Amino acid sequence: MKHIIKVSILAAASLGISTTANAQAVTNVWDGAYTEAQAVRGEPLYQQHCGACHGSQMQGIEEAPTLKQGAFIYNWDGMGVDILFQRLRETMPLDDPRGVPRRVKADILAFIMQQNNFPAGRTELPYQNSRLKRITWNALNPAEQ
Ligand code: HEC
C-alpha cells in the first residue's frame, strides 16, 4: 500500500514537470516548433510531393515560387501557422491537393521550416488547426527585434 502511494506521488510529480514544460509553450516559429527528426522525415516527402515543381533545393521553378527566405517567409509574416497549413491543405500539391494527408504535410512543413533556418525544438509540428494557430509565423525572430 505504502509503495502504491509513493508511486502515485511520483507520477503526480512527473505530471507537474510536464505541465511546466507546456507552460513554456511554443508561441512562434523561433521557439522550436518542429523536431529535427520530423524535418528528416519531411525531406524525402517534400522531394516526392513538391520538389518537381518547387525544386529539389526549394529554389523555385518557373511558376512555382521558391519556398526559401525572402518573399516566401514574408508572405506569411505575423500569421498563425494554421493559415499557411490551410494553404498547403487546400492547394498543394497543385496537381493533387487531397492526395497528400495532413500528417505528411506537417512533416513537409517541418522540413521547409528547417530549410528557412527556424530552429528545431522538442515538440513536433502538429497538424491540427487548433494547435497550429497558437504558433505565429514571424519572418524575423521577435526576441531579437
Ligand atoms: C504541380 C506543381 C506543384 C506542386 C507539385 C506543388 N506546388 Fe506549390 N505551388 C505551385 C505553383 C505554380 C505555385 C504558385 C501559384 C499558386 O499559388 O497557386 C505554388 C505555390 C506554393 C506556395 C505559396 C508560396 C508563397 O510564396 O507563399 C506554397 C507554400 C507551396 N506552393 C507549397 C507547396 C508544397 C509544400 C508542396 C508539396 C506538398 C507543393 N507546393 C507542391 C506548384 C506546385
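1. Ligand site. The ligand takes up the space of the largest pocket. This is a predicted model, and every remark below should be read with that in mind. The volume of the largest pocket comes to about 540 Å³.

2. Pocket lining. Lining the largest pocket are 25 residues. Nearest its centre lie His54, Pro65, Leu67, Arg87 and Met92. Four helices give two or more residues each to this lining: helix 3 (51-54), helix 4 (70-75), helix 5 (81-91) and helix 6 (102-115). Helix 6 gives the most, with four residues.

3. Character of the lining. Sorted by class, the lining of the largest pocket holds 17 nonpolar residues. The rest of the lining is four polar and four charged residues.

4. Ligand shell. How many residues surround the ligand? The count is 20. Cys50, Cys53, His54, Arg87 and Met92 are the closest. Three names recur from the pocket centre: His54, Arg87 and Met92 are listed among the residues nearest the centre of the largest pocket and among those closest to the ligand.

5. Where the shell comes from. Helix 3, helix 4, helix 5 and helix 6 each supply at least two residues of the shell. Which helix has the largest share of the shell? That is helix 5, with three residues. For the pocket lining, by contrast, the most comes from helix 6.

6. Character of the shell. The shell around the ligand has 14 nonpolar residues. Three polar and three charged residues complete the shell.

7. Polar contacts. Three side chains place a polar atom by an oxygen atom of the ligand, as follows. For Arg87 the distance is 2.6 Å. For Asn75 the distance is 2.8 Å. For Trp76 the distance is 3.0 Å. Arg87 therefore meets the 3.5 Å cut-off for a polar contact. Arg87 is also one of the residues closest to the ligand and one of those nearest the centre of the largest pocket. Asn75 falls within the range of helix 4 (70-75).

8. Overall fold. The chain is built with seven helices and two strands. Along the sequence, the order of elements is α-α-α-α-β-α-α-α-β.

9. Burial. The chain has 145 residues. Of these, 35% count as buried.

10. Points to carry forward. The ligand and the largest pocket share one space. Nonpolar residues number 17 in the lining and 14 in the shell. Polar side-chain atoms of Asn75, Trp76 and Arg87 lie at the stated distances from ligand oxygen.

Definitions and conventions: Residues are numbered from 1 along each chain as its sequence is written. This is a predicted model: local features need pLDDT of at least 70, side-chain atom pairs count only at pLDDT 80 or more; totals for chains, interfaces and linings use all residues. Side-chain values use heavy atoms; hydrogens and water are left out. On a 1 Å grid over the protein atoms alone, a cavity is a set of points where a 1.4 Å probe fits but cannot get out, and a pocket is an open set with protein on both sides within 12 Å along at least five of seven lines; lining residues have an atom within 4 Å of a point. Grid points are joined across faces, edges and corners, and a volume is the space filled by probe spheres set on the points. Ala, Val, Leu, Ile, Met, Phe, Trp, Tyr, Cys and Pro count as nonpolar, Asp, Glu, Lys and Arg as charged, and the others, Gly among them, as polar. A residue is near a molecule or strand if one of its heavy atoms lies within 4 Å of it. A polar contact is a pair of N or O atoms within 3.5 Å; within protein, one must be able to donate a hydrogen and the other to accept it, and residues adjacent in sequence count only if both atoms are side-chain atoms. A molecule sits in a cavity or pocket if more than half of its atoms lie within 2 Å of its grid points. Buried means under 20% relative accessible area, exposed over 50%, partly exposed in between (1.4 Å probe, protein chains only).
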